[in-house]
Amino acid sequence: MISIKSEYEIELMKKAGHIVYLTHQCLLPYIKPGITTKDLDKIAEDFIRSQGATPSFLNYNGFPGSICTSINDQVVHGIPGNRKLKNGDIISIDIGACYKGYHGDSAWSYPVGDVTDKKKYLLEHTEKALYEGLKQVRPGAHIGDISHAIETYAHKHKLGVVRELVGHGVGSHLHEEPDVPNYGKEKTGPVLKEGMTIAIEPMLNLGTREVFMEDDDWTIITQDGKPSAHFEHSIVVTKDGYQILTGDDNCE
Ligand code: MG
Ligand code: MG
């Protein structure tokens with residue numbers, strides 16, 4: 001069942017989402033060559049806790065980090081560790097925060113130092129694909145409308161669409177119904193209603209869509225070794241569209 005959130009629940013999710021946004025901002029100045037992903041994890045965890053929240057991902061199904069750090073050909077679910085960022089890398093950072101029982105979830109991909117034009121292209125168009133999906137969100141629209149818009153945009157820009165992982169409902173659980181795939185047909189799937197809260201998260205590859213899991217049983221990596229990017233916002237469906245919960249404008 002897809003839950004409809006009350007005004008009170010949405011207020012808590014705005015707060016959780018805002019903490020996620022602030023955590024991304026807090027990490028920004030540290031995303032430089034030489035820092036380890038474990039260092040980023042520590043900074044993020046300390047910040048999330050300083051805001052009266054807890055990291056949603058820590059121990060989620062046994063995940064050992066507070067954030068996910070996925071570099072270059074790593075798509076998602078990279079475990080923070082001793083790997084150091086290098087000039088020319090791109091890093092996808094996925095952050096979840098739980099505030100008074102409600103989750104915010106947002107991923108963003110960042111360049112480290114100077115990156116190639118191809119990587120810039122991947123970052124630019126994966127972010128734009130997220131907004132193409134968001135544009136579809138309003139009461140009465142179908143989940144498939146979001147999926148189709150993301151897939152169409154990605155294919156137009158010759159990017160591979162990862163299918164093994166999808167967006168999702170979000171609320172008192174990190175992952176709720178419905179699934180929000182990044183591929184699909186218009187006018188299919190569940191119908192959006194005011195008060196639904198979902199995370200939309202295209203994962204696009206510079207090469208083909210094929211991915212596999214690394215030996216750590218967490219990290220998803222591209223089959224062809226080409227880079228991947230991931231952009232995600234948690235949103236609430238409003239009377240006439242949507243509001244981003246993990247952006248910079250939901251809390252005064
Ligand atoms: Mg996420
Ligand atoms: Mg998510």
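Donors are N, O and S atoms within 2.8 Å of the metal (3.2 Å for Na, K and Ca); water is not among the atoms, so sites may look incomplete. The model is predicted: local features need pLDDT of at least 70, side-chain atom pairs count only at pLDDT 80 or more, and totals for chains, interfaces and linings use all residues. Residues are numbered from 1 along each chain as written, chains are lettered from A and ligands numbered from 1 in written order, and side-chain values use heavy atoms, without hydrogens and water.

**Exercise 1. Identify what coordinates the magnesium ion (ligand 1), and place the donors in the chain.**

Step 1. List the donors. They are Asp 94 (OD), given twice, Asp 105 (OD) and Glu 232 (OE), at 2.0 to 2.5 Å.

Step 2. Read the spacing. It is D-x10-D-x126-E.

Step 3. Place the pair. Asp 94 sits in strand β4 (residues 90-99) and Glu 232 in the loop between β13 and β14, so the two link parts 138 residues apart. Strands are DSSP runs of E, at least two residues; helices are runs of H or I, at least four; both are numbered from the N terminus.

Step 4. Check burial. Asp 94 and Glu 232 are both buried. Buried means under 20% relative accessible area, exposed over 50%, partly exposed in between (1.4 Å probe, protein chains only).

**Exercise 2. Find the donors of the magnesium ion (ligand 2) and the residue that bridges the two ions.**

Step 1. The protein donors are Asp 105 (OD), His 168 (NE2), Glu 201 (OE) and Glu 232 (OE), 2.1 to 2.2 Å from the ion.

Step 2. Their spacing reads D-x62-H-x32-E-x30-E.

Step 3. The bridge is Asp 105; the ions lie 3.1 Å apart.

Step 4. His 168 lies in strand β7 (residues 167-169), and Glu 232 follows β13 (228-230) and precedes β14 (233-238), so this pair ties together parts 64 residues apart in sequence.

Step 5. Relative accessibility is 3% for His 168, which counts as buried. For Glu 232 the value is 0%, also buried.

**Exercise 3. Describe the largest nonpolar core.**

Step 1. Define it. A nonpolar core is a set of buried Ala, Val, Leu, Ile, Met, Phe, Trp, Tyr and Cys residues joined through side-chain atoms within 4.5 Å.

Step 2. Count. The largest has 57 residues; Ile 91, Ile 93, Ile 146, Leu 192 and Ile 200 have the most contacts inside it.

Step 3. Find the main contributor. Helix α1 (residues 7-27) gives the largest share, seven residues.

Step 4. Look for another. A second, separate core of seven residues includes Val 76, Leu 165, Val 211 and Ile 220.
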